[in-house]
Each structure stands twice: as C-alpha cells, then as structure tokens.
Amino acid sequence: MISVVLLGAGNVASHLFKGFSESKHTSVIQWFNRSLDSIKQHKNLVDVTDNLNELKDADVYILAVSDDAIAKLSTKLPFEDRLVIHTSGCVNIHDLDKKHKRGVFYPLQSFSKNAKMDFAHVPICIETINKNSYPLLKELATSLGSPTKRVNSNQRRVLHLAAVFVNNFTNHLYRIGHEITESEGAEFDLLKPLILETAKKVQDMSPYMAQTGPAKRGDKKTIKNHLKLLKNEYHQDIYKLLTASIQHTHGRKKL
C-alpha cells in the first residue's frame, strides 16, 4: 500500500483525499495545511497538522497547493531525498527543491470542491526526474482508477494552456450566454442540449471539422444583427474577436 502525505486543502487536494481514501491501494496517513480550519473536519479520518516538523514518513508527499506556493513549501520541508511531487499544470518540475526526489502528478481536469469527481475520467500526466520514481506515481494514479500519460515539461505546459481555452474560457462564454438570455427572460436551460452536443462532437471529429455558425458561413447580416443586440461592450469585443478568428481559420473575409 502506498502511503501518502497530502499538503494543501484546495479543490484538488480535497478530491485527491477522497479518491485515495476510497482506494484499497493507498493510505493518506497525514494531511497538512497551514490553517487547520480547512481540514479539521477530517481529523477523525486522518491525522491533520499545521506543523511541517510533525510530518510523518511516507512514500510520497503531494504538494496540492497554489502554483506560487510550491517552490517555497518544498524548500521548507524538513527532510531530503524523499519523493515530493506537485499537481500543477504549469510549474516547472525544477521549481521543487533539489534536495528531494522530484515529480509531477498533474490531474488534467477541472476541480470544484462540491462537485462529484470520477477519476476514471481524469487523466493523470506524470513527470519525473528520476526514472525510478515513475512506476510508483503510475501505480498511485492507477489506484484512483485514472488513465496515465508520461509527459515532459513542455507538453504539460501546453496542455495546461490548452485547458484554459477549452475549459476556463469556455465556461466564461457560458456565463456570457447566461447573461444574454437573462437580459430578455429567455431560458438558458434550452441551450444545455447544444452545449452537450458540441462537447460530444469533438470526441469523434476534429474541432476544425465540427465548427458551424455564422462566422464560418460568412453570414455578415446575421453577425451585424448580433452585434447590435449586444449591449455590453466587452461582449461585443469578444464576439468580434472570436468571429475574426473563425473567419481567419476557415478562410472567410472579415467584416
């Protein structure tokens, strides 16, 4: 059984704790956070601490903290030559203090603390400096039921960047769509089957081939009417920018 010390109490840490706790092959033996208030509700399930000097011996130490905190926290760990990994998509593996065996365990998924998570649909991107560390991290991911992929730093960084486009930016577009429908009392829920169908299509075809809409078709009149309907200047700017990008991609003349 793989023993784990978890550091951090954000969305990723919370889901990893639940996933590892449900696995027969891993044991979270300790959970650290600088504020016990965030993890004290779990004290009957796991040893909790806010003191780095109290950290127990474990097979792996997972730094599931903010990107900016990773380097500093790894330096503060009061031991060396143990396997210390972070879960970030864009922080360099070399940002971890070199006194440790270093690795990255990047779950490529969007985590919301109160949303259910099936790790079978969460690919884990693994990176290590010492090749001997890789089998343990692969086993750790497998214990969650996750598919794994060995990646290098450059691949991981571009995956994280692409994830911002397909997830964070897309979700913001959902929010804009919600504001637009609310402005006239239309039901946003009517768009949900369309959202699902769009996501479904790119499972079987390229996003390029799946593209539809007035920008691709070159429907200038429709585009102009849409812009007149938009009262928010930020929404207008986003519409114009995305329309221009689609037109450029598909060889249409700009407005």
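User: In this predicted model, where is the place of H94?
Analyst: The model is predicted, not determined by experiment. In the chain, H94 comes between two strands, β5 and β6, and the second of these covers residues 101–107. The place of H94 is therefore not a strand but, as the assignment of DSSP runs leaves it, the loop between β5 and β6.

User: Is H94 buried or exposed?
Analyst: The cut-off for exposed is over 50% relative accessible area. H94 has a relative accessibility of 52%, so H94 counts as exposed.

User: Which residues is H94 in contact with, leaving aside its neighbours within four places in sequence?
Analyst: A contact needs heavy atoms within 4.5 Å. With neighbours within four places in sequence left aside, two names remain for H94: R102 and I129.

User: What distance separates the C-alpha atoms of H94 and S153?
Analyst: Along the chain, H94 and S153 are 59 residues apart. In space, their C-alpha atoms are separated by 9.7 Å.

User: Where is D81 found, and what is its phi?
Analyst: D81 is found in the loop between α2 and β5, the strand of residues 83–86. D81 is not a glycine, yet its phi is positive, at about 60°.

User: Is D81 buried or exposed?
Analyst: A residue counts as exposed over 50% relative accessible area. The value for D81 is 53%, so D81 counts as exposed.

User: Which class of accessibility does N51 fall into?
Analyst: N51 lies in the loop between β3 (47–49) and β4 (60–63). Partly exposed covers the range between under 20% and over 50%. At 29% relative accessibility, N51 therefore counts as partly exposed.

User: How far apart are the C-alpha atoms of N51 and T26?
Analyst: N51 and T26 are 25 residues apart along the chain. Their C-alpha atoms are separated by 23 Å.

User: Is S143 buried or exposed?
Analyst: The place of S143 is in helix α3, residues 134–144. Buried means under 20% relative accessible area. S143 has 13% relative accessibility, so S143 counts as buried.

User: Which residues of α3 are buried?
Analyst: S143 is one of the buried residues in this helix. Together with S143, the buried residues in α3 are Y134, L137, L140, A141 and L144.

User: Which residues is S143 in contact with, leaving aside its neighbours within four places in sequence?
Analyst: S143 and I2 are 141 residues apart in sequence, and their C-alpha atoms are 9.2 Å apart in space. The contacts of S143, without its neighbours within four places in sequence, are F20, S23, H25 and T26.

User: Which residue takes a positive phi just after α3?
Analyst: Helix α3 covers residues 134–144. The phi just after α3 is about 90°, and the residue that takes it is G145.

User: Which class of accessibility does K201 fall into?
Analyst: K201 lies in helix α5, residues 192–201. K201 touches A210 and T212, not counting residues up to four places away in sequence. Its relative accessible area is 25%, so K201 is partly exposed.

User: What distance separates the C-alpha atoms of K201 and L96?
Analyst: K201 and L96 are 105 residues apart along the chain. Their C-alpha atoms are separated by 39 Å.

User: Which helix gives the most to the lining of the second largest pocket?
Analyst: About 300 Å³ of space lies in the second largest pocket. The pocket is lined by 13 residues, and the closest to its centre are F32, R34, V65, A69 and L73. The element that gives the most to this lining, with 3 residues, is helix α2.

User: How many helices and strands are in the protein chain, and what part of its residues is buried?
Analyst: The protein chain has 9 helices and 8 strands. Along its principal axes, the C-alpha trace spans about 65 × 40 × 30 Å. Of the 255 residues, the buried part makes up 36%.

User: How far apart are the mean positions of the positive and negative charges?
Analyst: The protein chain has 36 positive and 26 negative charges. The mean positions of these two groups are apart by 8 Å.

How values were computed
Residues numbered from 1 in each chain as written. Predicted model: local features only at pLDDT ≥ 70, side-chain atom pairs only at ≥ 80, totals over all residues. Heavy atoms only, no water. Helix = DSSP H or I, 4+ residues; strand = E, 2+ residues; numbered from the N terminus. Buried < 20%, exposed > 50% of the residue type's maximum accessible area, 1.4 Å probe, protein only. Lys, Arg positive; Asp, Glu negative; His and termini not counted. Charge placed at Lys NZ, Arg CZ, Asp CG, Glu CD. 1 Å grid on protein atoms, 1.4 Å probe; cavity = no way out; pocket = protein on both sides within 12 Å on 5 of 7 lines; lining within 4 Å. Points joined across faces, edges and corners; volume = space filled by probe spheres on them.
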